[in-house]
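Reader: I would like to look closely at one part of this protein, namely its aromatic rings and what lies around them. Could you take me through that part slowly, one step after another?

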Amino acid sequence: MSKSSYNAYDEARAQFDQVAEKIGLDEATREFLRRPMREYHFTIPVQMDDGSRKVFWGYRVQHNDARGPAKGGVRFHPLETIDTIRALAMWMTWKCAVVDIPLGGGKGGVICDPRTMTDREQEQLCRGWVRQIAKDIGPCIDVPAPDVMTNAKHMLWMLDEYETIHGGKYPGFITGKPIGMGGSLGRKEATGFGVIYVLREALKELKIDIKNTTASIQGFGNVAQHAVKLYQQLGGKIIAISCWDNNDHQPYTFRKKDGLDFDDLESITDPFGSIDKEKANGLGYEILPGDAWIEQDVDILIPAALENQITADNVHRISKQVKVMVEGSNGPTSRDADKVLAQRKIFVIPDFLANAGGVTCSYFEQVQSNTNYYWEKDEVMQKLDTRMTSAFKAVSDLSRQKDVYMRDAAYIIAINRVAFAVKSRGWV
Ligand code: NAD
């Protein structure tokens, strides 16, 4: 987890306020968009396997649904907080708007540790979460998805409970379902590939041949692994990866200056994206401190692990060689650090644009589930590429035309789209 003083909701509101000021958003719309439209807080009693009853706290936040049903994951985490969920719901609103998909922003969570719960207990928790909110979510209202420590299995239990309550088949109620049970091909790859689609476009604009670039990445989980795979396929060279070591339980940076081998590294990575340090050493990797990924002499940095990783404390360690930073993770850069990146003219592709491939593919899953017709993988990836590329172009065009920082350009587009929907509906 990140530093305890960090409050994601404060950060999300501060980012919003800054852009609202810049675009001269009227007071009422500002007031309306800087907090969620609706929040649900509820208790979920679960009978545990030892016969006792435990009461869990559950949440769902719908930040804004002016452009379409709210969309966002459900997180299971012992340190979950309502403020984190609020911030993430708000970021979902901007993310869906910047890639121009007809969805709003939502997020949910339960304070629990699924790692210490049996499958049966987790199933009861999923069903309990849906029972408490079944009337206020649904394919046309708010569509949940997997997130931290929830997966396809949880989604299917939630779907089953929802369909039981509503007496019908509603596969478009939730996304992240298993393939063959309403899931979309390509979802696994979508976020990481999306990160590289927008990086590819940025490099084209900067007239840099991807084949002549090197990169350093933080994380080797779902997002990072697929990003590494596609970046290497396009000819780029990754020289360092930072991730958790599954013996010492702390992060290390694994470096190979002539380029790492994806298959080698994958073979020593566990399902949570942790690498075995001893085995990496055996494969010829240099083992450096966990935060060394940030100071490598590379052209591209890709934070794809956690929030609040590039801060005023370490931003000065970024090499002069770095030209592009593409944010795979949510909120990796603090506002102080962001100012430094902007001054240094590093081309930043902001998180809610760069990692929007995941929600875009979830939207495709919804479309497929609602029509009960499933696409081939090539079709999914092609549509994803088209959507990410056009979103990137809109942001970078605005950034150039108005001479604004890429993050601000992305926010301006997203906030303007949502404000337009809110005003057109006559809500403010
Ligand atoms: P994941 O759990 O699959 O992987 C996380 C990776 O980060 C692991 O390799 C882990 O070892 C590494 N890590 C954890 N702590 C670290 C530390 N202190 N230093 C270095 N590495 C560390 O997660 P993911 O699904 O790949 O998500 C990564 C980020 O991307 C998160 O911020 C997530 O919110 C965001 N994101 C994910 C998706 C998605 O579709 N999975 C979509 C949008 C945004």
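Reader: Which residue lies over the face of Trp 375, and how far is it from the ring centre?

Author: This is a predicted model, and in it the residue that lies over the face of Trp 375 is Lys 383, at 4.6 Å from the ring centre. A second lysine can be described in a similar way, for the charged end of Lys 256 sits over the ring of Tyr 285, with 4.5 Å between that end and the centre of the ring.

From charges over rings we can turn to rings beside rings, where the count comes to 11 aromatic pairs. One of these pairs is formed by Phe 347 and Phe 392, whose centres are 6.2 Å apart and whose planes make an angle of 40°, an arrangement that is called tilted. This pair links distant parts of the chain, since Phe 347 belongs to strand E12 (residues 347–349) while Phe 392 belongs to helix H13 (residues 377–402), and the two are 45 residues apart.

It is worth asking how far each partner is covered by the protein. Phe 347 has a relative accessible area of 16%, and it counts as buried because this value is under 20%. Phe 392 is buried as well, with a relative accessible area of 0%.

Rings can also be joined in groups beyond two, and here ring pairs link Tyr 162, Tyr 170 and Phe 173 into a cluster.

Methods. Residues are numbered from 1 along each chain as its sequence is written. This is a predicted model: local features need pLDDT of at least 70, side-chain atom pairs count only at pLDDT 80 or more; totals for chains, interfaces and linings use all residues. Side-chain values use heavy atoms; hydrogens and water are left out. Rings of Phe, Tyr and Trp (its six-membered ring) pair if their centres lie within 6.5 Å; planes under 30 degrees apart count as stacked, over 60 as edge-to-face and the rest as tilted. Helices (H or I, at least four residues) and strands (E, at least two) are DSSP runs, numbered from the N terminus. Buried means under 20% relative accessible area, exposed over 50%, partly exposed in between (1.4 Å probe, protein chains only). A charge sits over a ring if NZ of Lys or CZ of Arg is within 6 Å of the ring centre and within 35 degrees of the ring normal.
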